[in-house]
Amino acid sequence: MGRRNWRGFAEFEMPSGAREAIMTVCPGNPEQEGRRFRAIMEAAGAKLDRLTIIEAGDLGFHNLKRLVPKNEAAAFARYRGERWVEAHKPAIDEYMAGRCQIVPMREIVDEPTYKDRIELIRQIYDRGDNPVSHWFDYSLGLDIESRAERRAKDGVLIEPWAIRENALDYLCDEYAMRSLMRQRFGLDEIYLGLAIADPDLFQRENPRPEIDLRLPPVRPITLHEVQMVHVEKLGRSVPANDQRVPDYAKDMGTVLAPKMG
């Protein structure tokens, strides 16, 4: 009998002939840590000739700014991003073998229209009753629930309005950055988690279309449960927990990728 080991695996699909992609990593997100990230890199190494990882640790500022002074929050968020690179560089090197570039978020957003993009996305949300505001409200609701539960376990109570404001700032910042990623790289993005799969969603609601708010086309990453398999032959995948997406989210092309347990 062949030796057995425990492992999981990741998978994603690229358009025919496409062998290059980008990927956003948000340090602090447990779905992009440890063995989960290794599984993604293993899949990327097999499918891609080149991968550019955007290390978006600076986004963590929005999760920290109400807990510590803003200057300390920004410094800690950036430090956490640097530590993430140190911890995960071995997996990148193992599977991508020099075919992966890591670009810090600050290099992407060092662009004159960056703050304009954030303000435009916030304006679209504040206008209300549109596909962007509907999707943001859905995403914010999930974040309020999950973050409140995590903090409550630590004995910390955070008012839902505070979580909501931080999360809204985070989303506006993230999607402004991702529109700049499309402008700079023009590549599809392999993406883990809740994502807008319709790259034109923001641009259709944009009051200033000369500032292009299109997003990179999303190629969802699926992480399959850790399972026992023969080393000689990868076993059948175990379906991840079923996660439902509202009908309006499906209409917008929203993707909710299964998570690895």
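Helices here are DSSP runs of H or I at least four residues long, and strands are runs of E with at least two, numbered from the N terminus. By that rule the protein has 9 helices and 11 strands. The model is a predicted one.

## Overall picture

The protein has 261 residues, and 46% of them count as buried. Contacts reach across the sequence. Among contacts with a separation of 6 or more, 79% join residues 24 or more positions apart.

## Helix α1 and its neighbours

Helix α1 covers residues 34-47. Its 14 residues should span 20 Å at 1.5 Å a residue, and the end C-alpha atoms are 20 Å apart, so expectation and model agree.

Which residues of α1 are buried? They are Arg-36, Phe-37, Ala-39, Ile-40, Met-41, Ala-43, Ala-44 and Gly-45. An arginine, Arg-36, is on that list. These buried residues pack against both strands and helices. The strands are β2 (10-11), β3 (20-25), β4 (50-55) and β9 (222-223). The helix is α3 (70-96).

Two packed helices are described by the angle between their axes and the distance between the axes. For α1 and α3, the axes come within 9 Å and cross at roughly 30°. The crossing is right-handed. On the α1 side, the contact is made by Gly-34, Phe-37, Arg-38, Met-41, Glu-42, Ala-44 and Gly-45. On the α3 side, Trp-84, His-88, Ala-91, Ile-92, Glu-94, Tyr-95 and Met-96 take part. By type, the residues of this contact divide into 8 nonpolar, 3 polar and 3 charged.

Phe-37, Met-41, Ala-44 and Gly-45 appear both among the buried residues of α1 and in its contact with α3.

## Salt bridges

The count comes to 15 salt bridges. Three of them are set out here.

| Pair | Closest N to O distance |
|---|---|
| Glu-13 and Lys-47 | 3.6 Å |
| Arg-19 and Asp-49 | 3.3 Å |
| Arg-122 and Asp-126 | 3.1 Å |

Take the pair in the first row. The side chains of Glu-13 and Lys-47 meet in a salt bridge. Glu-13 lies in the loop between β2 and β3, and Lys-47 in helix α1, so the pair ties together parts that are 34 residues apart in sequence. Glu-13 counts as exposed, at 55% relative accessibility. The cut-off for exposed is over 50%. Lys-47 is partly exposed, with a relative accessible area of 30%.

The second row also involves the loop between β2 and β3. Arg-19 forms a salt bridge with Asp-49. Arg-19 sits in that loop and Asp-49 in the loop between α1 and β4, so this pair ties together parts that are 30 residues apart in sequence. Arg-19 is partly exposed at 36% relative accessibility. Asp-49 is partly exposed too, at 45%.

The third pair lies within one helix. Arg-122 and Asp-126 are 4 residues apart in helix α5 (residues 114-127), so about one helical turn separates them. Arg-122 is partly exposed, with a relative accessible area of 23%. What network do these two belong to? Arg-122, Asp-126 and Asp-169 are linked in a network of salt bridges.

## Val-218

Val-218 is in strand β8 (residues 218-220). Is Val-218 buried or exposed? It is buried, because its relative accessible area is 8% and the limit for buried is under 20%. Leaving out residues up to four places away in sequence, Val-218 touches Arg-178, Glu-189, Tyr-191, Ala-195, Ile-196 and Ala-197. Glu-13, the salt-bridge partner of Lys-47, is 205 residues from Val-218 along the chain. The C-alpha atoms of Val-218 and Glu-13 are separated by 10.0 Å.

## Positive phi

Most residues other than glycine have a negative phi. Ala-97 has a positive phi of about 45° although it is not a glycine. Ala-97 lies in the loop between α3 and β5 (100-104). With a relative accessible area of 58%, Ala-97 is exposed.

Asp-129 is another case: its phi is positive, about 50°, and it is not a glycine. Where is Asp-129 found? Asp-129 is in the loop between α5 and α6 (131-153). At 69% relative accessibility, Asp-129 counts as exposed.

Notes
Residues numbered from 1 in each chain as written. Predicted model: local features only at pLDDT ≥ 70, side-chain atom pairs only at ≥ 80, totals over all residues. Heavy atoms only, no water. Expected span 1.5 Å × (residues − 1). Buried < 20%, exposed > 50% of the residue type's maximum accessible area, 1.4 Å probe, protein only. Contact = heavy atoms within 4.5 Å. Axes fitted to C-alpha atoms, helices over the stretch in contact; angles between N-to-C directions. Left-handed = near helix turned anticlockwise from the far one by under 90°. Nonpolar A, V, L, I, M, F, W, Y, C, P; charged D, E, K, R; others polar. Salt bridge = Lys/Arg side-chain N within 4 Å of Asp/Glu carboxyl O.
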